[in-house]
Amino acid sequence: MEAMSSWPECLACEQGVLVPLSDFGGQGASVHYKAWVCTSPNCDYNIKIRNGDIHLNEPIFEGPRGR
């Protein structure tokens, strides 16, 4: 739990914290901190970087779950 306290507080809901997500670029290179999302289940705040543009509060879709 101590590690979570180092992430920034979500200013949208003031209950969760923003955690970074990483992804892979179109050519397979790692893209660190591509998105930040709020940890509160009741808050959908997110910020994403795509093609150099910043996108706020895009819909969140759950991907397929591992088996």
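How many residues lie between S1 and S2 in the hairpin that they form, and which residue in the turn has a positive phi? In this predicted model, the hairpin of S1 and S2 has 5 residues between its strands, and Gly 28 in the turn has a positive phi of about 90 degrees. The two strands, S1 covering residues 18-24 and S2 covering residues 30-38, pair in the antiparallel sense over 6 bridges. One position at which this pairing can be followed is Leu 21, which stands opposite Ala 35 in S2.

From S2 the reader can pass on to S3, the strand of residues 46-50, since S2 and S3 also pair in the antiparallel sense, here over 3 bridges. In this second pairing Val 37 stands opposite Asn 46 in S3. Asn 46 counts as buried, because its relative accessibility is 0% and the cut-off for a buried residue is under 20%. A polar atom of the side chain of Asn 46 lies 2.9 Å from the backbone oxygen of Asp 44.

With these strands in view, the largest pocket can be placed. About 230 Å³ of space lies in the largest pocket, and the elements that give two or more residues to its lining are S1, S2 and S3. Among the lining residues are Leu 21, Ala 35 and Val 37, together with Asp 23, Lys 34, Lys 48, Arg 50 and Glu 58. Taken as a whole, the lining divides into 5 nonpolar residues, 1 polar residue and 5 charged residues.

The charged residues of this lining lead to the salt bridges, of which a search of the whole structure finds 3. In one of them the side chains of Lys 34 and Asp 23 meet, with a distance of 3.6 Å from N to O. Lys 34 lies in strand S2 and Asp 23 in strand S1, so this pair ties together parts that are 11 residues apart in sequence. Both partners count as partly exposed, Lys 34 at 25% relative accessibility and Asp 23 with a relative accessible area of 37%.

Which residues are linked in a network of salt bridges? The network is made of Lys 48, Arg 50 and Glu 58, and its two contacts can be taken in turn. The side chains of Glu 58 and Lys 48 meet at 3.8 Å, N to O, and this pair links distant parts of the chain, with Glu 58 in the segment after strand S4 (53-56) and Lys 48 in strand S3, 10 residues apart. The side chains of Glu 58 and Arg 50 also meet in a salt bridge, at 2.6 Å from N to O. Lys 48 is buried, with a relative accessible area of 19%, whereas Arg 50 is partly exposed, with a relative accessible area of 35%.

Two further residues deserve a look for their backbone angles. Most residues other than glycine have a negative phi. Tyr 33, which is found in strand S2, has a positive phi of about 55 degrees although it is not a glycine. Asn 57, which lies in the segment after S4, has a positive phi of about 50 degrees and is likewise not a glycine. Tyr 33 counts as partly exposed at 47% relative accessibility, and Asn 57 is partly exposed with a relative accessible area of 46%.

Technical notes:
Residues are numbered from 1 along each chain as its sequence is written. This is a predicted model: local features need pLDDT of at least 70, side-chain atom pairs count only at pLDDT 80 or more; totals for chains, interfaces and linings use all residues. Side-chain values use heavy atoms; hydrogens and water are left out. On a 1 Å grid over the protein atoms alone, a cavity is a set of points where a 1.4 Å probe fits but cannot get out, and a pocket is an open set with protein on both sides within 12 Å along at least five of seven lines; lining residues have an atom within 4 Å of a point. Grid points are joined across faces, edges and corners, and a volume is the space filled by probe spheres set on the points. Helices (H or I, at least four residues) and strands (E, at least two) are DSSP runs, numbered from the N terminus. Ala, Val, Leu, Ile, Met, Phe, Trp, Tyr, Cys and Pro count as nonpolar, Asp, Glu, Lys and Arg as charged, and the others, Gly among them, as polar. Two strands pair if DSSP finds at least two bridges between them. A salt bridge is a side-chain nitrogen of Lys or Arg within 4 Å of a carboxyl oxygen of Asp or Glu. Buried means under 20% relative accessible area, exposed over 50%, partly exposed in between (1.4 Å probe, protein chains only). A polar contact is a pair of N or O atoms within 3.5 Å; within protein, one must be able to donate a hydrogen and the other to accept it, and residues adjacent in sequence count only if both atoms are side-chain atoms.
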